[in-house]
Amino acid sequence: MSTPQASTKPVSAASAPNIDSMLKEKRIFKPSAAFAKASRIGSMKKYKKLHRASLKNPDKFWGKAAEELTWAKPWKKVCVWKPPFAEWFVGGKINASVNCLDRHLTGPLRNKAALIWEGEPGEVVTLTYQQLHREVCLMANVLKKHGVEAGDRVVVYLPMIPEAVIAMLACARIGAPHSVVFSGYSAEALKERVNDCGAKIIITSDGGFRRGSALGIKRNVDEALLGTPKVKSVLVVQRTKQEVIMHPGRDFWLHEETQLVSSKCPAQPFDSEHPLFILYTSGSTGKPKGILHTTAGYLLGCHLTTKYLFDLKPEDVYFCTADVGWITGHSYVAYGVLSNGGTSLLYEGVPNHPEPDRFWRLIDKHKVNIFYTAPTAIRSFIKWGDEWLAPHDLSSLRLLGSVGEPINPEAWMWYHDKVGNKRCPIVDTWWQTETGCHMIAPFPGATPLKPGSATLPFFGIDAAVVDDDGNEVPVNQGGKLVIRRPWPSMLRTIYGDAARYRKTYWSEIKGCYFAGDGARRDKDGYFWIVGRIDDVLNVAGHRLGTSEVESAIVSHPDVAEAAVVGRPDELKGQAVVAFVTLKNGVLHSKALKDALRAHVGKEIGPIAKPDDIRFTDMLPKTRSGKIMRRLLKEVAASPNGEIKGDTTTLEDLGILAKLQKSED
Ligand code: WT7
C-alpha cells in the first residue's frame with residue numbers, strides 16, 4: 001500500500017522542507033568541573049577552536065589526527081574527493097587488526113583485558129590483548145587454510161560471543177572484508193546478504209543463548225545454503241553444544257580447525273582504501289543496501305570518536321549493549337574501543353533475563369564506567385519500573401551514551417537521574433550505518449547538555465539543516481539534516497551499486513550528503529533530530545516531526561513509549577494518531593486519553609493534539625529497536641487494520657495482530 005497522501009491543498013515545493021518546531025526544551029546540564037578537568041576537551045572554547053580549525057583546514061586536521069594510528073606506510077594525500085566518491089589517506093598502507101591488537105602488545109596493555117564477555121547463562125570469559133591476538137591469528141590462519149584471500153568476502157553470522165569480534169579482526173588481518181549478519185535474522189535474510197556480497201565462506205555457531213533457551217543458528221545457515229551456490233565452507237563455533245547437522249566437506253568445527261594451524265599470522269599491510277567490511281542496512285523499502293566501509297578512514301573515525309566523545313581511559317570498563325550485527329557493534333563494541341586499548345564488555349543475551357535488572361547486575365558486577373545503549377532500551381527500563389535498579393550499585397558509572405533514535409527528553413531525564421544518579425554526562429550520539437562513526441554528539445567534558453539534543457558536530461564534520469535548495473534554514477526551523485563535505489569514516493559506496501549510492505545519498509541536496517533525517521538547530525547551534533523526513537506529519541498546513549509529539553506524550557508520567565503517525569483526513573490533511581505504551585501497572589481509560597490529549601496541547605499546542613490515541617502493550621520495532629512507523633501508518637489508515645507492506649524486518653510479528661485489534 002502506498003503512503004496516504006494529504007487530501008488538502010498540496011504543500012508547495014518551497015515550503016516543503018520546513019518543519020514547524022514547537023517543543024522547546026529549557027533544561028541545561030553543564031559538565032562538572034571535575035569531569036571537565038579530567039577529560040581531553042575540557043571547555044567549549046577548546047571545542048570551538050578545534051572544530052573551527054578542523055573545518056578551515058580539514059587536510060591538516062585529519063592528517064594530524066591520523067598520526068594516532070599505526071601505519072605500515074605513510075599516506076601521500078589526505079583526501080581525494082571526486083564527488084560523490086572519496087578516498088582518504090591515499091598511498092598509505094595499514095592493517096586494522098594491528099591497530100586494534102599488535103600495537104598494544106609491546107607495553108603494559110599486553111596483559112590488560114581487551115574483552116570481558118558474559119554469556120546469558122552467566123559464565124564469564126576474559127581475553128587480554130595478548131590472548132585476543134592469539135585467537136585472532138588462529139582464526140585468520142583457519143580462514144587462509146580454507147582458501148580465503150585478501151578481497152574475499154566472509155559472512156559472519158554469530159551471536160554475541162567473543163568469536164564475533166575475533167572473526168571481524170581475523171578478516172581484517174588478512175584483508176578479507178567481513179559482512180556480519182545479525183544472528184536473529186532469518187535464513188532468507190542471510191541468503192540474500194550472502195549472495196549479494198558473494199561470500200564463499202561463513203563463520204557461524206551451533207546456536208546461542210537468548211531468553212533462557214538455546215537458539216538454533218546453524219540450522220538457519222543450512223537452510224540459507226540451499227540457495228547460495230558460491231559458499232564452499234562453513235566454520236562452526238561450538239557455543240551451546242546443541243545437536244547440529246555437519247555436512248561433510250563443507251562444515252567444520254572451528255575448535256578442531258584451530259588445532260591444525262599455527263598461532264602465528266603476520267599481518268599484511270593493505271591500502272588505506274582497502275574494503276574493511278560490508279554491512280547491510282534494510283531501510284524501509286527495497287533490497288537491503290550493502291554499505292561499504294574501507295580501512296584507514298573508518299578506523300580513524302572510530303578511534304577518535306571513542307577517545308574524545310566517550311572520553312575512554314585505559315582503566316575504564318566500557319559496555320555497549322549493541323549487537324555486533326549493527327554498525328554500533330562494529331564501531332563501538334570492537335574497532336573504536338580496541339584501537340584505543342580499552343576494555344570492552346560484551347553480553348550475549350537480552351536485558352530482561354532472568355529478570356529485568358540484568359544490565360544493572362552487569363554494571364555492578366563488572367564495575368562498568370561507560371554505558372552505551374539505545375532509547376528503546378531506556379524506555380523499556382522505564383516501563384519495567386525503577387525498583388529493578390534499586391538493589392544494584394551503579395556508582396562505577398561515569399558516562400552514559402545513547403544511540404539509535406531521538407531520545408525523548410523525559411527518557412533522557414530518567415536515564416540521567418536513575419541510572420547516572422545525576423552525576424554522569426549523557427552523550428547522545430547521532431550517526432548512521434553510512435556515517436561509520438558519531439557525527440553529532442557532545443564532548444562530555446565541554447558541551448552543556450540539553451535533554452533530547454545530540455548537540456554539536458564532531459571535529460571535521462560540517463553538518464547543517466537546509467531547505468530543498470540547500471540553503472540553511474533559520475534558527476529553530478526544521479529542515480533536512482545534511483553533511484556538506486566528505487569525512488574519513490563515510491561509506492564509500494553501496495556494494496555493487498554505485499548508481500544507487502549516488503542517488504540515495506548525494507542527489508537530494510546538491511553537493512551534500514543526505515540520509516533521510518529532519519532536524520532543527522536552536523539559537524546555540526544545537527541540533528535536534530525531529531525524526532525521519534518520510535515520517536513528518538502534515539497537519540492543517542503544519543509540518544510536525546514525529547519526535548516532538550512523541551516526546552510530549554512520553555513526558556506524561558503514566559507513559560513509557562509513544563509513536564505517532566499521520567492518517568489521511570478530509571479536513572486537516574492528516575490527523576495525528578498516537579500509539580501509546582503505558583508504564584507497568586497503569587490502566588487504560590478514556591480519562592487517560594483525554595488527559596494525554598490535554599497534556600500534548602499544553603506541551604506543544606492544540607495543533608499537535610492526537611485525534612486518536614490507541615493503547616498498546618508493544619510497538620512494532622525493527623530488530624535494532626527502531627519503531628516502524630510505516631506499519632503503524634497502515635494500521636492507522638486502514639479501517640480493519642490490514643497490513644500489506646513489507647514486514648520482514650519486524651522483530652515480533654505477533655505485535656501486528658495485537659495492534660490491529662488494539663482498542664480505539
Ligand atoms: C538512523 C541511523 C547510528 C547507529 C545505530 C543506528 C536515527 C541514530 C540517533 C540519535 C536521533 C538517531 C536516525 C539515523 N538515529 N542515532 N542519537 N538521535 N536519531 O544506525 O540503523 O543506520 O540508523 O537512526 O534516524 O538516520 P542506523
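Buried here means under 20% relative accessible area, and that cut-off comes up again and again in the views below of this predicted model.

**View 1. A454, tucked into the loop between β21 and β22.** With a relative accessibility of 2%, A454 falls under the 20% cut-off and so counts as buried. Look for its company beyond the neighbours within four places in sequence: A454 is in contact with D428, W430, I440, A441, P442 and F527. W528 is worth finding too, since its C-alpha sits 6.5 Å from that of A454 although 74 residues of chain separate the two.

**View 2. T435, another residue of the loop between β21 (426-428) and β22 (463-466).** T435 has a relative accessible area of 0%, so it is buried as well. Setting aside residues up to four places away in sequence, T435 touches H293, W487, S489, M490 and Y513.

**View 3. Helix α6, residues 162-174.** From first C-alpha to last, the 13 residues of α6 reach 19 Å, close to the 18 Å expected at 1.5 Å a residue. Because 12 of those 13 residues are buried, α6 is largely enclosed by the rest of the structure. The buried set includes P162, V165, L169, C171 and I174, and R173 is in there too. An α-helix has 3.6 residues a turn, so residues three or four places apart point the same way. Just after α6 comes G175, with a positive phi near 75°.

**View 4. Two cis peptide bonds, each leading into a proline.** Most peptide bonds are trans, so cis ones are worth a stop. One is the bond from P83 to P84, with omega near -5°; P84 lies in the loop between β2 (77-82) and β3 (85-90). Another joins H353 and P354, where omega is about -5°. For that one, go to the loop between β18 (343-347) and α12 (358-366), which is where P354 is found.

**View 5. R211 and A540, with positive phi in residues other than glycine.** Most residues other than glycine have a negative phi, so these spots catch the eye on a backbone plot. R211 has phi near 50° and is found in the loop between β10 (207-210) and β11 (213-216). For A540, phi is near 45°, and its place is in the loop between β27 (537-539) and β28 (542-544). At 45% relative accessibility, A540 counts as partly exposed.

**View 6. Zooming back out to the whole protein, with its 19 helices and 31 strands.** The C-alpha trace spans about 70 × 55 × 50 Å along its principal axes. A compact globule of 664 residues would have a radius of gyration near 26 Å, and the protein has 24 Å, which agrees. Of those 664 residues, 62% count as buried. Contacts reach far along the chain: among those between residues at least 6 apart in sequence, 72% join residues at least 24 apart. The accessible surface comes to about 25200 Å², with 53% of it belonging to carbon and sulfur atoms. As for charge, there are 87 positive and 72 negative side chains, and the centres of the two sets lie 6 Å apart.

Conventions
Residues are numbered from 1 along each chain as its sequence is written. This is a predicted model: local features need pLDDT of at least 70, side-chain atom pairs count only at pLDDT 80 or more; totals for chains, interfaces and linings use all residues. Side-chain values use heavy atoms; hydrogens and water are left out. Helices (H or I, at least four residues) and strands (E, at least two) are DSSP runs, numbered from the N terminus. The radius of gyration is taken over C-alpha atoms; the globule rule is 2.2 Å times the number of residues to the power 0.38. Buried means under 20% relative accessible area, exposed over 50%, partly exposed in between (1.4 Å probe, protein chains only). Contact means heavy atoms within 4.5 Å. Accessible areas come from the Shrake-Rupley method with a 1.4 Å probe; for residues, only the protein chains shown count as cover. Lys and Arg count as positive and Asp and Glu as negative; His and the chain ends are not counted. The place of a charge is taken as NZ of Lys, CZ of Arg, CG of Asp or CD of Glu. The expected span of a helix is 1.5 Å times one less than its number of residues.
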